[in-house]
Amino acid sequence: MNAGHDIGLIGSESVIRAVGRLMPSTDRLLPLGDIDQALRALPAAACDILLVHAVDPDFAGYARLAATAPSTPWIALDEDDDVARGRLWIEAGASAWLPLPTLDAAALRRAIEQTLALRVGVDAMRLQRDDLQAVFDFAPLPMWVYDSVSLRFLAVNDAALRAYGWTREEFLRLNLYDIRPTTEHIRLSEALGRPLPSLAEAEIWRHRDATGRSFLVELTARELRYAGRPARLVMARDVTVERQAIGRIEASERRFRDLFEQSLGLICTHDFDGVLLSINPAAAGALGYRVNELVGRPMLEMIPPALHAHFRDYLQRIARQQADSGLLFVQHKNGSQRIWDYNNRVLDDSDGAPFVMGYALDITERRHAEQRLQEQQAELEAVNDGSPLGLFRAGLDGAFSYVNRAFERMSGLRSDEARGGGWQQAVHPDDRDRVVSGWRTATAALKRFHARLRLRPDHSQTVWVAVQAAPLVVEGEVIGYAGSVEDVTAQHIAEEQLRRNEQRLRTIADAMPAMIAYLDAALRFQFANAAYALHYGGERGRVVGQHARSLLGETVYRRREPYLLQALAGQRVVFEDEDEEQRDDGYSCLEIVYIPQWDDERRQVLGIHVMAQDVTHRKVEQQRWMQAAEMDSLTGLANRAGFLVRLERALARSRDQRSLLVVMYLDIDRFKQVNDTYGHAVGDAVLKIFAQRLGAVLRPSDVIGRLGGDEFTVIIEGMRRSQYAAAAAAKIVAAIRKPFLLPEHGLTLKLSTSVGVAVAQSDDAPGTAALLERADAALYEAKSAGRDGYRMHGGEKAAAP
C-alpha cells in the first residue's frame with residue numbers, strides 16, 4: 001500500500017478505534033463520526049478512501065455518499081459476514097465489503113490497495129475518454145461518425161462544421177449522400193458495398209459544402225460501435241490545393257524531363273573528374289553513341305588526345321569558378337571532329353553533392369552556314385519578291401528601308417520612291433493622318449502596328465489593304481519594324497455587303513411583331529430586335545451584352561434554364577412559358593422556340609436563336625374552353641377528360657426533366673351505402689367535402705380529378721424521392737378519417753378512403769393507361785387489405801392503424 005493516504009473513518013468510536021489499530025502508521029486516519037456527521041464534514045475534508053461502519057444497506061445516508069464525495073471510494077465494514085449482504089452493499093455504492101468479525105490487518109490492507117487501484121483505473125479511463133473526446137472535438141482535421149446502416153451522421157467535430165459550413169444541428173440531419181455532389185452518388189453506392197479499406201488506404205473523394213462549393217478530400221475511416229450501433233469514424237483532409245500543387249509539380253517534372261530528353265540542345269552532367277553522370281539523346285547522338293554507351297565513361301575518351309591537357313584545365317577552372325563557357329572540341333565515334341559551344345555551371349543535387357550541368361550547341365556547321373549566308377540572302381530576296389504579300393522594313397521613325405515587288409505593285413511606287421517617308425504618298429488622303437498617327441503611337445510604345453487603310457496606286461482606283469508590323473528585337477532592343485501589306489479589297493467589299501445585309505435583316509427583324517434574339521454559348525445576348533427589347537424593359541442596348549439570368553430575372557430564368565441547356569446540347573426546343581405575375585391581369589404566356597446555332601463542322605453549338613410570341617390571349621381562350629369542357633360540375637375538379645390531358649402533359653415533363661411523377665387512384669370506402677342509406681343529396685355533399693379535403697392536404701400545384709362517382713385521382717410532380725409519395729398518401733388517409741359534418745342534413749358521418757399509389761421513374765416512362773392501371777391495382781390491394789389505408793404499386797404497404 002502506498003504511504004501517505006488520507007483515510008476517513010465513519011462509525012462508532014469503538015469501531016473507529018478497532019479499525020485504527022489495524023491501520024499502518026504511514027496512513028493518516030481522519031475520524032469523521034457517524035454517517036450524518038460525516039456527510040457534513042466531507043465537503044471540507046480531503047480523503048483518498050472512506051472506511052464506513054455500515055449497518056443497514058437500505059439506509060439512505062449511504063447512498064448520499066456518492067453525491068457528497070463522488071470521487072472518493074468507500075468500503076463497507078459490516079458486523080454480518082453473510083455474502084448476500086456484501087452484494088447489497090456493492091449495490092448501495094460501496095467499492096468493497098469487509099465483515100468486521102473476521103477483519104484483520106492484511107485483509108484490510110488488500111481491500112484498500114485494490115479499491116484505490118480500481119479508482120485509479122476508472123479515473124484513467126474517464127480521463128482517457130475525456131481526452132479522446134477533446135481530441136475528436138478539437139482535432140484540426142474534419143472528423144465525423146456515421147451510422148453504418150442508415151448512413152446518417154451521429155457526431156461531428158468543430159473542424160468539420162467550419163470546413164462544410166453547416167451548423168451542428170444541420171449536419172446531424174444529413175447523411176453521406178448529402179455532402180457529395182450528385183455526380184459522386186453512384187460511386188458512393190458502389191463503395192458502400194465493398195469492404196472498408198485499411199487505415200493506410202486513404203481514398204480521394206469530391207465533397208460539397210453548404211454553399212454547393214465542390215472540393216477534394218482525402219478520407220480515412222475505421223469501423224467502431226457508437227452508442228451501441230455499428231458505425232464508422234471518418235477523418236477528412238482537404239487536398240484540393242495539394243492536388244493542384246502536385247499536378248503542377250508533376251507537370252513541371254514532365255516538362256523538365258521532356259526538355260532534357262527531347263531537347264535538341266546538347267545537355268549532360270558530369271562530376272569534377274570528368275565522368276559523365278547523364279547525357280540526353282541529342283548529345284549522345286551528336287557523338288554517334290546511344291545514351292547507355294556513354295553514362296559512367298570519362299569524357300576524356302571523347303576528347304582528341306592532343307587536347308586532353310586543355311580539358312583538364314577546364315575541370316580545374318569550373319571547380320574553382322563554379323561556371324565556365326567556351327568552345328569544346330570533341331571527337332565523333334566515326335573519328336570526325338566536332339566543335340561544341342558550351343555554357344556550364346556547378347549545381348548541387350538533393351543530397352548537397354556538387355555536379356556540373358552542361359549545355360552546348362554543336363557549331364561545326366556554322367562556318368558552312370556563314371559561307372552560304374550570301375546565297376541564302378539572295379534566295380530570301382527572291383522569295384520576298386515572289387510573295388503575294390507586300391513586305392517592308394522600317395525604322396522607328398517610320399522611314400522605309402526595304403519594300404518588295406508586291407508592295408511596289410500595290411502602292412504604285414518604285415522601291416526608291418517608297419523608301420524613307422515616300423510610302424505615305426500612296427496612302428489615301430483621308431487615311432493618311434490616321435495611319436501616320438497610329439504608327440507613331442505604336443512605335444513610341446514599341447508595340448505591334450496594325451491598320452486597315454486605302455492605297456491609290458494610280459490616283460483613280462482604290463485598293464483596301466491590311467497592314468501588320470511587328471518590332472524587330474536584337475539583343476533585347478527594338479531596332480525597327482518588319483511588316484506585311486495584304487490586298488483585302490475583295491474581303492472589304494464582301495464585309496460591306498454583309499453589313500448592309502445585316503442592316504436590312506435588322507430592319508426586317510425590328511418590323512416583325514415576334515420577339516427575336518440571339519444568345520452566345522455563355523448565354524449572353526448578342527442580338528435582340530425591337531419587340532424583344534421592348535418586352536424586357538427598354539432599349540436594345542440594355543439587352544445586348546446581358547446574361548440571360550440578369551435580363552430575365554431569377555424566377556423566369558429557372559423556368560427556362562432546362563430548355564436553354566437542351567438547346568446548348570444541340571436540340572431544337574419548343575415550349576410555352578406561363579407566368580402568373582407578369583401582367584396586370586395576373587397571367588401571361590409566351591410560345592418560345594430555341595434553335596441551336598452549330599459551327600460549320602456541326603461539332604459545337606455556338607449559340608441559340610430565340611423566337612418568342614405572346615400567345616396569352618389564345619391561351620386564355622383555350623383555357624376558358626378547356627376548363628368548361630374538362631371540369632367536374634359538382635366538385636370543381638378536373639373531370640376524366642381534363643385529368644387525362646393533364647396526365648399526358650405531366651408524363652411529358654417527367655420524361656423531359658427526368659423527374660419522378662406520382663399518380664394516386666382513390667375512392668371513398670363503402671360510399672354506395674351512404675347513397676343507399678341517406679340518398680344522393682347527402683352523397684353529393686360528401687363528395688364535395690372529400691374534394692375540399694384533398695385540396696387542403698395537397699399542394700396547389702398538384703392536380704386532383706374526379707373520374708366519376710366516388711373515384712378520384714391525383715397527379716404529383718417534382719418529388720425528389722418516391723418515399724414522399726407514401727407520406728402524401730398517408731396524409732390523405734388521415735385527413736379523410738375526420739368526421740364529415742353535414743349540418744344541412746343533420747348528419748355527422750365517419751368515413752375513410754383507400755389509396756393506390758404508382759410512381760413513374762424518368763427511365764420507366766409508361767403511358768397514361770399503364771400508369772393508371774398500376775395505381776388502380778394498388779387501390780385494389782388497399783381495398784383487399786381492409787380499406788382505410790394506401791398501397792404503393794410494388795412497394796410500401798400501409799393500412800389503417
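Which residues on the other side of helix 23 are exposed? The first close-up has the answer, and a few notes help with reading every view. This is a predicted model, in which local features need pLDDT of at least 70, side-chain atom pairs count only at pLDDT 80 or more, and totals for chains, interfaces and linings use all residues. Residues are numbered from 1 along each chain as its sequence is written, and side-chain values use heavy atoms, with hydrogens and water left out.

**View 1. Helix 23 and its two sides.** Helix 23 spans residues 671-678; helices (H or I, at least four residues) and strands (E, at least two) are DSSP runs, numbered from the N terminus. F671, V674 and N675 are its buried residues, where buried means under 20% relative accessible area, exposed over 50%, and partly exposed in between (1.4 Å probe, protein chains only). They line one face of the helix, because they fall within an arc of 95° when seen down the axis; the arc is that of the directions from the helix axis to the C-beta atoms. An α-helix has 3.6 residues a turn, so residues three or four places apart point the same way. The exposed residues on the other side of helix 23 are K672, D676 and T677. The buried residues pack against strand 26 (661-668), helix 24 (680-697) and strand 30 (747-749), contact being heavy atoms within 4.5 Å. Just after helix 23 comes G679, with a positive phi of about 95°.

**View 2. A buried salt bridge between D667 and K783.** Here the two side chains meet at 2.7 Å, N to O; a salt bridge is a side-chain nitrogen of Lys or Arg within 4 Å of a carboxyl oxygen of Asp or Glu. D667 belongs to strand 26 and K783 to helix 26 (residues 768-784), so the pair links distant parts of the chain, 116 residues apart. Both D667 and K783 are buried.

**View 3. D147 and R229 joined by a salt bridge.** The N to O distance in this pair is 3.6 Å. D147 sits in strand 6 (residues 143-147) and R229 in strand 10 (residues 229-238), 82 residues apart. D147 is buried, with a relative accessible area of 6%, whereas R229 is partly exposed at 38%.

**View 4. E554 with R549.** The closest N and O atoms of this salt bridge are 2.8 Å apart. E554 is partly exposed at 36% relative accessibility, and R549 is partly exposed at 35%. A search of the whole structure finds 34 salt bridges.
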